[in-house]
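Biologist: I have a model open and do not know where to begin. Could we go through the features one at a time?

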Amino acid sequence: MLLGIDEAGRGCLAGALFVVGVACPDNLASDFCKQGLKESKQLSREKRFEWADKIQAHAEIQNLVVSKSAQEIDAKGLSLCMQEAIKKIILSLSEILNVCIDGNTLFKLHFHHLKHFQAVVKGDDKIPQIAMASILAKAHKDREMLELDKLYPAYGFAKNCGYGTRAHAVALAKHGYTPIHRRSFKLKACK
């Protein structure tokens, strides 16, 4: 069985970072692909929510969602938060010996008990378990930002999901930072 790990919210100016691990048998992953499983960016928000519910409800799928708040990210830095989340996922799902992380880094982590531990560029397009982790991470981020949009409607979180859009930058300039903004992330990151 393979454990796939992905995240959502890494480059956001607001809200939490969600790191997710998903493990399931390869035959189930293959069946999900035949049913239209894709990485989160290729799905509408509504489809992501549908897939997330399906993944979390399936008895043969193990998953763990770890969130890191804006305050934790500001205090510890993004890399340390990623390390902590990945470590928690791998140690919590300790019977899994094969792990793939989406991206190009293992965040300087080493696990002697694992048979296979690697980073896979565009892994969410190549490995179904990473695609499932991608969907769960993005669904959690979407749901968080929809709720935060109700608390802070001036920032457009329902639309920008906390990312540094031009409209978000304008709102920050006009209204200032909220308690859920990452103070360590600079406005120059806005596009």
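Modeller: We will go from the overall fold to single residues. Keep in mind that this is a predicted model.

Biologist: How many helices and strands does the protein chain have?

Modeller: The protein chain has five strands and eight helices. Reading along the sequence, you meet them in the pattern β-β-α-α-β-α-α-β-β-α-α-α-α. With a radius of gyration of 17 Å, close to the 16 Å that the globule rule gives for 191 residues, the protein chain is as compact as a globular protein of that length.

Biologist: What does the C-alpha trace span along its principal axes?

Modeller: About 50 × 35 × 25 Å.

Biologist: Which share of the residues counts as buried?

Modeller: A residue is called buried when its relative accessible area is under 20%. Of the 191 residues here, 48% fall in that group. The protein chain exposes about 9,400 Å², and carbon and sulfur atoms supply 54% of that area.

Biologist: And contacts: what part do residues 24 or more positions apart play?

Modeller: Take the contacts with a separation of 6 or more: residues 24 or more positions apart account for 64% of them.

Biologist: How far apart are the mean positions of the positive and negative charges?

Modeller: They are 7 Å apart, for 28 positive and 20 negative charges.

Biologist: Next, the cysteines. How many disulfides are there?

Modeller: A disulfide needs two cysteine sulfur atoms within 2.5 Å. By this rule the count is zero.

Biologist: Why is there no bond between cysteine 24 and cysteine 33?

Modeller: Cysteine 33 holds the closest cysteine sulfur to that of cysteine 24, but at 9.0 Å it is too far for a bond. Cysteine 100 is in no disulfide either; its nearest cysteine sulfur, in cysteine 24, is 12 Å away.

Biologist: Are these two, cysteine 24 and cysteine 100, buried or exposed?

Modeller: Cysteine 24 is buried, at 0% relative accessibility. Cysteine 100 is buried too, with a relative accessible area of 5%.

Biologist: Now the backbone. Which phi value does lysine 122 have?

Modeller: Its phi is near 55°, a positive value in a residue other than glycine. Lysine 122 sits in the loop between β5 (116-120) and α5 (123-126). With a relative accessible area of 54%, lysine 122 is exposed.

Biologist: Where does cysteine 161 lie, and what is its phi?

Modeller: Cysteine 161 is in the loop between α7 (157-160) and α8 (166-175). Its phi is positive, about 55°, although cysteine 161 is not a glycine. At 5% relative accessibility, cysteine 161 counts as buried, whereas lysine 122 is exposed.

Methods
Residues are numbered from 1 along each chain as its sequence is written. This is a predicted model: local features need pLDDT of at least 70, side-chain atom pairs count only at pLDDT 80 or more; totals for chains, interfaces and linings use all residues. Side-chain values use heavy atoms; hydrogens and water are left out. Helices (H or I, at least four residues) and strands (E, at least two) are DSSP runs, numbered from the N terminus. Buried means under 20% relative accessible area, exposed over 50%, partly exposed in between (1.4 Å probe, protein chains only). The radius of gyration is taken over C-alpha atoms; the globule rule is 2.2 Å times the number of residues to the power 0.38. Contact means heavy atoms within 4.5 Å. Accessible areas come from the Shrake-Rupley method with a 1.4 Å probe; for residues, only the protein chains shown count as cover. Lys and Arg count as positive and Asp and Glu as negative; His and the chain ends are not counted. The place of a charge is taken as NZ of Lys, CZ of Arg, CG of Asp or CD of Glu.
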